[in-house]
Amino acid sequence: KLAAKAISRLQSLPSGNISLLCDVLVREVSDLTGYDRVMAYKFHEDEHGEVIAECRRSDLEPYIGLHYPATDIPQASRFLFMKSKVRMICDCSARPVKIIQDKKLAQPLSLCGSSLRAPHACHAQYMSNMGSVASLVMSVTINEDDDESGSDQKGRKLWGLVVCHQTNPRFVPFPLRYACEFLLQVFGIQLNKEVELAAQAREKHILRTQTVLCDMLLRDAPIGIFTQSPNVMDIVKCDGAALYYKNQIWVLGTTPTEPQIRDISAWLLECHDGSTGLSTDSLMEAGYPCALALGDAVCGMAAIKITDKDFIFWFRSHTAKEIKWGGAKHEPANRDDEGRKL
């Protein structure tokens, strides 16, 4: 009942907007729990995290858009979040209470599922450095992709976290924690639908484009896949594409010069003649001798052979973008200006 209105608002949202779904979620969790800051924290493919939605007290520094290294949440913690969906720390500065274990027990007690478990000293210091005293963290899980699960029965994976911070000690009673956990389950179902719909839409677009392009090729008109719409750049995420066909060249987007494309074709025929193509993140790492001459405009390449001597190329530029990191990579002994460990 505590989360009924919040669940109703989530379920009434229009589909196709994950950002809006996350924004509404953090507002609802903030209204339910009263924490100073509530964040939706998404894990990227390389396991680093990003704050993609936030509801905070007006005088607090915004964290929205900040990225955090994967090491900020170790694999052991991620494993625990898959097992125990809610983790509450009432006061990170509180003195831990010693657990007295019966000597008859053969193994140490596991407190993994305990809501009273004290935080690790490193995490307590981490919270202190962020100006946070209390926290409530809830996991968001979705279905694994078919290629990730490797079986007909889909498993679950950790998509992200909902993280609540408070600048003073705070205890959330069990009924409210349970309501938040149920709200997160509903959110996970909604999110899973959105992720699957987006994946299906991408797949349909690719298949539709493939059909059109293959039809052009079957009609012996490879030039059409560059001069008509859709074209080869609609099927692969790239910065440019080129067709080397019957000693002529057609280009789209950012590509090497025509002499450079001819040189790459000659290199492929000489060094990769036994294959039907090549895919690489870096032409330099792939051993192309003139990679430096391509500059920053061209770095990665995918090439397929359409005849004995003709190719279709896709090119990607160097990936360089500014990322706002919220967690700095310090040496263990480093301290800040006030002498605190970082």
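This passage walks through the domains, sheets, cores and cysteines of the structure above. The model is predicted, so to speak of a local feature takes a pLDDT of at least 70 and a side-chain atom pair counts only at pLDDT 80 or more, while totals for chains, interfaces and linings use all residues. Residues are numbered from 1 along each chain as its sequence is written, and side-chain values use heavy atoms, with hydrogens and water left out.

The protein chain splits into domain 1 (3-95 + 112-193) and domain 2 (220-316), with bounds that come from an automatic or database domain assignment. Taken over C-alpha atoms, the centres of the two domains are 44 Å apart.

One open sheet has 6 antiparallel strands in the order 3-2-1-6-5-4. Strands here are DSSP runs of E with at least two residues, helices are runs of H or I with at least four, and both are numbered from the N terminus; two strands pair if DSSP finds at least two bridges between them. Strand 3 (67-68) and strand 4 (86-89) sit at the edges with a single partner strand each, so one side of each lacks a neighbour in the sheet. Strand 4 pairs with strand 5 (residues 134-143) through 4 bridges, in the antiparallel sense, and Ile89 stands opposite Ser135 of strand 5. Across strand 4, strand 5 and strand 6 (156-166) lies helix 6 (residues 174-218), at about 35° to strand 5. Such angles run from 0 to 180 degrees between N-to-C directions, using axes fitted to C-alpha atoms (for helices, over the stretch in contact).

Helix 6 turns up again in the largest nonpolar core, which has 33 residues and takes 8 of them from this helix, the most from any element. A nonpolar core is a set of buried Ala, Val, Leu, Ile, Met, Phe, Trp, Tyr and Cys residues joined through side-chain atoms within 4.5 Å. Buried means under 20% relative accessible area, exposed over 50%, and partly exposed in between (1.4 Å probe, protein chains only). Among the residues that touch the most other members are Leu25, Val29, Met138 and Phe187. Leaving aside neighbours within four places in sequence, Met138 has contacts (heavy atoms within 4.5 Å) that include Val29, Val86, Val162, Cys180 and Leu184. A second, separate core has 18 residues, including Ala242, Tyr244, Trp267 and Ala303.

The other open sheet to describe has 5 strands, ordered 8-7-11-10-9 and paired antiparallel. Its edges are strand 8 (248-253) and strand 9 (277-280), each with a single partner strand, so one side of each has no neighbour in the sheet. From one strand to the next, the twist averages 15°. Strand 7 (residues 240-245) and strand 8 are joined by 6 bridges, with Leu243 opposite Trp250. These two strands form a hairpin with 2 residues between them, and Lys246 in the turn has a positive phi of about 50°. Helix 8 (residues 258-271) lies across strands 7, 8, 9, 10 (300-305) and 11 (311-316), running at about 115° to strand 11.

As for the cysteines, the disulfide count is 0, with a disulfide taken as a pair of cysteine sulfur atoms within 2.5 Å. For Cys22, the nearest cysteine sulfur is that of Cys55, 13 Å away; Cys22 counts as buried because its relative accessibility is 0%. Cys90 has its nearest cysteine sulfur in Cys92, at 11 Å, and counts as partly exposed because its relative accessibility is 27%.
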